[in-house]
Amino acid sequence: MTTPATTSDLRALSDAHSAHNYHPLPVVISAAEGAWVTDVEGHRYLDMLAAYSAINFGHLHPRLVAAARHQLDRVTLVSRAFDHDQFGLFCAELAELAGMDMVLPMNTGAEAVETAIKTARKWGYEVKGVPEGDAVIIAFEGNFHGRTTTIVSFSTDPDARGSYGPYTPGFRVIPYGDADALAAAMGPNVAGVLIEPIQGEAGVVAPPPGYLAKVRELCSAHGALMIADEIQSACEHDGVVPDMYLLGKALGGGIVPLSAVVSSREVLGVFKPGQHGSTFGGNPLACAVGREVIAMLGTGEFQERSAKLGTHMHHRLAALPGDVVTEVRGRGLWAGVEFASLSGRQVCERLAARRVLAKDTHGTTIRLAPPLTISKEELDWALDQVEDVVRSS
């Protein structure tokens with residue numbers, strides 16, 4: 001086959017030969033560096049999505065690429081049938097960063113969530129004493145934790161859930177941000193409460209002040225595990241320590257899939273050899289990249305950049321005309337911008353025409369999540385384009 005060179009040709013191939021489970025913008029990327037991507041015709045775009053925050057350190061960050069290249073010349077996969085020299089170091093370093101004892105590495109965010117569900121149920125039966133088969137896990141309306149059949153069983157998004165039944169039982173879904181609803185839902189058979197500190201797919205929805213602390217309090221009072229899906233957001237801002245962290249996306253540096261469940265010895269200690277696993281989970285290449293990510297996070301530099309530039313971004317977004325933008329939500333370099341009448345898709349198409357890439361969600365919302373490495377000048381240029389789109393609407 002002659003290699004097509006144009007956007008239209010490549011999109012035609014995708015349309016003809018791939019399942020239509022995505023509806024991408026008409027951009028075909030062929031190269032990337034930092035906060036920028038380049039399409040097959042050579043047009044450059046500022047990436048304000050960063051692969052749903054999986055590219056938090058920017059595209060092809062030199063430290064991460066160097067770690068990957070070094071490991072590629074040594075060993076990439078042995079399976080967990082054998083140990084390798086990156087595994088123990090990765091687990092120890094990630095446990096230390098999170099202030100926990102143990103790590104169970106997987107590949108994707110959905111695998112981390114599935115692992116957490118299994119962990120909570122097993123802990124519920126073997127430690128808490130829940131009658132076998134009766135364990136309940138509480139989840140929240142508007143959640144997004146992945147696409148497996150078990151996970152979509154407790155989704156409230158019709159597109160994510162529809163036509164995939166029969167659904168997995170054992171979940172209780174309640175309103176997000178409602179402490180009274182959570183208190184009423186608790187009971188002796190609740191093994192865990194699975195929560196996103198900020199709901200991303202729902203439109204970057206943050207809970208009311210003090211809510212995560214109340215979740216922590218209720219979990220402790222009822223002997224249930226607080227499970228924080230931190231694949232895109234974190235509890236740290238609220239000063240809350242969950243029983244289990246679920247990590248993913250940026251943990252692999254945008255180079256390899258890497259996720260992890262991080263918890264105490266009491267919780268993850270329920271697993272014995274042969275009871276859970278993954279051929280690629282904790283592979284040498286992923287661990288090597290993950291260790292470099294951990295080292296970069298350990299400096300605090302990127303968290304500080306997110307806070308500082310995020311304050312600037314939210315200040316500018318909040319100044320947009322209220323008759324066009326009805327609400328701006330989020331924290332740090334993460335925002336959900338709600339439009340009064342424009343669809344999110346329309347806004348993203350107009351931004352793409354101005355060489356800025358963003359993603360729509362839930363009809364009238366766009367998500368902005370640039371890499372934490374973005375410069376203030378680059379961020380301001382992107383926000384200028386957002387403002388121009390808004391003011392010309």
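This briefing walks through some helix contacts, a pocket and two backbone details of the structure above. The model is a predicted one. Helix H11, residues 284-297, is a good place to start: H3 packs against H11 at an angle of about 150°, and H4 crosses H11 at roughly 30°. H11 also supplies at least two residues to the lining of the second largest pocket.

**H3 against H11**

- Helix H3 covers residues 62-72, and its axis lies 9 Å from that of H11.
- The angle between these two helices is about 150°, which makes H3 roughly antiparallel to H11, because angles over 145 degrees count that way.
- The crossing of this pair is right-handed.
- On the H3 side, the contact is made by Arg63, Leu64, Ala67, Ala68, Gln71 and Leu72.
- H11 answers with Pro284, Leu285, Ala288, Val289, Glu292, Val293, Ala295 and Met296.
- Sorted by class, the residues of the contact of H3 with H11 are 11 nonpolar, 1 polar and 2 charged.

**H4 against H11**

- The axes of H4 and H11 come within 9 Å of each other, crossing at roughly 30°.
- H4 is therefore roughly parallel to H11, since angles under 35 degrees are counted as such.
- Here the crossing is left-handed.
- H4 brings Phe87, Leu89, Phe90, Glu93, Leu94 and Leu97 to the contact.
- The H11 residues that meet them are Cys287, Gly290, Arg291, Ile294 and Leu297.
- The contact of H4 with H11 has 8 nonpolar residues, 1 polar residue and 2 charged ones.

**H12 against H14**

- Helix H14, residues 376-391, packs with H12 at an angle of about 20°, and the two axes are 11 Å apart.
- H12 and H14 are therefore roughly parallel to each other, and their crossing is right-handed.
- From H12, the residues in contact are Leu309, His312, Met313, Arg316 and Leu317.
- Their partners in H14 are Lys376, Leu379, Asp380, Leu383, Asp384, Val386 and Glu387.
- By class, the contact of H12 with H14 holds 6 nonpolar, 1 polar and 5 charged residues.

**The second largest pocket**

- The second largest pocket encloses about 1200 Å³ of space.
- Its lining is made of 36 residues, and those closest to the centre are Glu230, Ser233, Ala234, Glu236 and Gln303.
- Helix H4 (87-98), strand E9 (244-247), H11 and helix H12 (301-318) each supply at least two lining residues.
- H12 provides the largest share of this lining, with 4 residues.
- The lining divides into 22 nonpolar, 11 polar and 3 charged residues.

**Backbone details to look for**

- The peptide bond from Gly165 to Pro166 is cis, and its omega is near 5°.
- You will find Pro166 in the loop between helix H7 (158-161) and strand E6 (171-174).
- Lys249 has a phi near 45°, a positive value in a residue other than glycine.
- Lys249 sits in the loop that runs between E9 and strand E10 (259-263).
- E9 itself is among the elements that supply at least two residues of the lining of the second largest pocket.

Key. Residues numbered from 1 in each chain as written. Predicted model: local features only at pLDDT ≥ 70, side-chain atom pairs only at ≥ 80, totals over all residues. Heavy atoms only, no water. Axes fitted to C-alpha atoms, helices over the stretch in contact; angles between N-to-C directions. Parallel < 35°, antiparallel > 145°, perpendicular 65-115°, else oblique. Left-handed = near helix turned anticlockwise from the far one by under 90°. Contact = heavy atoms within 4.5 Å. Nonpolar A, V, L, I, M, F, W, Y, C, P; charged D, E, K, R; others polar. 1 Å grid on protein atoms, 1.4 Å probe; cavity = no way out; pocket = protein on both sides within 12 Å on 5 of 7 lines; lining within 4 Å. Points joined across faces, edges and corners; volume = space filled by probe spheres on them.
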